[in-house]
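Let's take a friendly walk through this structure, with the sequence and the coordinates side by side. Have a look at both before reading on.

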Number of protein chains: 2
Amino acid sequence: MIKDRFADAITPAGSSPAAAGAEEADIGAINDILGFHIRLAHGACLRHFTETFADLDLTQKQVSVLWLVDDHPGIAQTDLAQRLRMDRATTMAIINRLQAKHFLRRDRSEKDGRKQALHLQPEGIAMLARAKQAIAEHEAWVKSRFTDKEVRQLIELLSRIHE
Amino acid sequence: MIKDRFADAITPAGSSPAAAGAEEADIGAINDILGFHIRLAHGACLRHFTETFADLDLTQKQVSVLWLVDDHPGIAQTDLAQRLRMDRATTMAIINRLQAKHFLRRDRSEKDGRKQALHLQPEGIAMLARAKQAIAEHEAWVKSRFTDKEVRQLIELLSRIHE
DNA sequence: TCTGCTTCGTAGGCAAGGCATACAATAGGA
DNA sequence: TCCTATTGTATGCCTTGCCTACGAAGCAGA
């Protein structure tokens, strides 16, 4: 399990045959860790997303929330949190920011006094429209390295993790 | 430890008009967004990782750094940052935390006075050994839903994104 | 009806990351 | 030697994630 600790940067650790001469991206056995690749891929996506949305000044989470509120007018914060796998407190913070920008509003639910019904404001609708264009651009960047079949495959595999 | 995030599997009726037909995981067209699935999968991994490493009090990044320093004794912070796709400043913060725990030390590089050569301390070596066991556990959890072939496939696909 | 439990939103706090800027020391090339 | 690039460092800001606690509202049973 524990590798030779005197190994140099060039050492092939026995995990990757290509590591012998290829010094550049040799990160050893960590390359076999699936979670590691998920993190790196996520990081790469996040960076590109942030760049793409720099003008709009929106984060991934914020866009996701706008999108879902648009898809489900009157949705409650708890429901939103469940769909996006977020904490209630975290959801609060995001909704607060979006509300501060007048992208959406909270209405007390008529059916359940505990809930807040969320609705997009005109400014939110306009922003979402712009955001969807940016998302298309971002998605094109991600998908450019895959065939359609591979995209479907990748989504299917990833779904098994988060479902 | 008890989390209320996934408390109920059944969506409360009447929460949204769209919830009527396609109940549970209906998040609309957002389901076709590859980036969305990457984020969710990453989030699920991160949560499980954090749980698994609660006893060790280590984060993903910290483990990655320990691992890489072990694989490449004397590595510089910049090199580390490049391999993990991190900012120099971010790397600093992580190294600082690991140094505060006496897991590693900074030595001025002999070849290049600007660089810091990083080496694990005995405590770091011991911790890494424990961490690798926890990682094996965590990886088993992630991989449990895939065949070996699918794992290789998934890693290959994800690699195209972050390379 | 009253009572106790649950759910939902809210508030405050804390840690970790990510990123930007600025600065000092060192290397290396012109 | 001088100029520039690299490296580490220090600061600060923002977002996310999670925890605890609390009040308001719904709900179910005594």
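## A definition to start with

A residue is called buried when its relative accessible area is under 20%, exposed when that value is over 50%, and partly exposed in between. Please keep in mind that this is a predicted model.

With those cut-offs in hand, take His102(B). Its relative accessibility is 46%, so His102(B) counts as partly exposed. You will find His102(B) in the loop of chain B that runs between H4 and strand E1 (104-108). The backbone deserves a glance too: phi of His102(B) is near 65 degrees, a positive value in a residue that is not glycine.

Chain A offers another case of positive phi. Arg85(A) is not a glycine either, and its phi is near 55 degrees. Arg85(A) belongs to the loop between H3 and H4 of chain A. Because its relative accessibility is 24%, Arg85(A) counts as partly exposed.

## Chain A as a whole

Chain A is built with six helices and two strands. Going along the sequence, the elements come in the pattern α-α-α-α-β-β-α-α.

Chain A has 163 residues, and 48% of them count as buried. The chain exposes about 8,200 Å², of which carbon and sulfur atoms supply 54%. Looking at contacts between residues at least 6 apart in the sequence of chain A, 44% join residues at least 24 apart.

## Two helices of chain B

Helix H1 of chain B covers residues 34-52, which makes 19 residues. From first C-alpha to last, H1(B) reaches 27 Å, close to the 27 Å expected at 1.5 Å a residue. Of its 19 residues, 15 are buried, so H1(B) is largely enclosed by the rest of the structure.

Helix H2 of chain B, at residues 60-71, has 12 residues. H2(B) spans 16 Å between its first and last C-alpha, close to the expected 16 Å. How many of the 12 residues of H2(B) are buried? The count is 11, and the helix is mostly covered. Among the buried residues are nonpolar ones such as Val63(B), Leu66(B) and Trp67(B), and the charged residues Asp70(B) and Asp71(B) are buried as well. An α-helix has 3.6 residues a turn, so residues three or four places apart point the same way.

## Around DNA strand D

DNA strand D is surrounded by 23 residues, and the closest are Thr59(A), Arg97(A), Thr78(B), Arg88(B) and Gln116(B). By class, the residues of this surface divide into 12 charged, six polar and five nonpolar. Which helix gives the most to the surface near DNA strand D? That is H4(A), with four residues. Helix H4 (88-100) of chain A, along with helices H3 (77-83) and H4 (88-100) of chain B, each supply at least two residues.

Sugar or phosphate holds 69% of the atoms of DNA strand D that lie within 4 Å of the protein, and the rest belong to bases. On the phosphate side, a polar side-chain atom of Thr59(A) is 2.5 Å from a phosphate oxygen of DNA strand D. Gly113(A) has a polar backbone atom 2.8 Å from a phosphate oxygen of that strand. A base is involved too: an N or O atom in the side chain of Arg114(B) lies 3.3 Å from a base oxygen of DNA strand D.

## Around DNA strand C

Here 20 residues surround the DNA, with Thr78(A), Arg88(A), Gln116(A), Thr59(B) and Arg97(B) nearest to strand C. Of the atoms of DNA strand C that come within 4 Å of the protein, sugar and phosphate account for 72%. The surface residues divide into 10 charged, six polar and four nonpolar.

H4(B) gives the most to the surface near DNA strand C, with four residues. Helix H3 (77-83) and H4 of chain A, as well as H4 of chain B, each supply at least two residues there. Phosphate oxygens of DNA strand C meet several side chains. An N or O atom in the side chain of Thr59(B) is 2.3 Å from one, the corresponding distance for Gln77(A) is 2.9 Å, and a polar side-chain atom of Arg106(A) lies 3.0 Å from a phosphate oxygen.

Definitions and conventions: Residues numbered from 1 in each chain as written. Chains lettered and ligands numbered in written order. Predicted model: local features only at pLDDT ≥ 70, side-chain atom pairs only at ≥ 80, totals over all residues. Heavy atoms only, no water. Expected span 1.5 Å × (residues − 1). Buried < 20%, exposed > 50% of the residue type's maximum accessible area, 1.4 Å probe, protein only. Near = heavy atom within 4 Å. Polar contact = N/O pair within 3.5 Å; in protein donor to acceptor, adjacent residues only side chain to side chain. Contact = heavy atoms within 4.5 Å. Areas by Shrake-Rupley, 256 points an atom, 1.4 Å probe, with all protein chains shown as cover.
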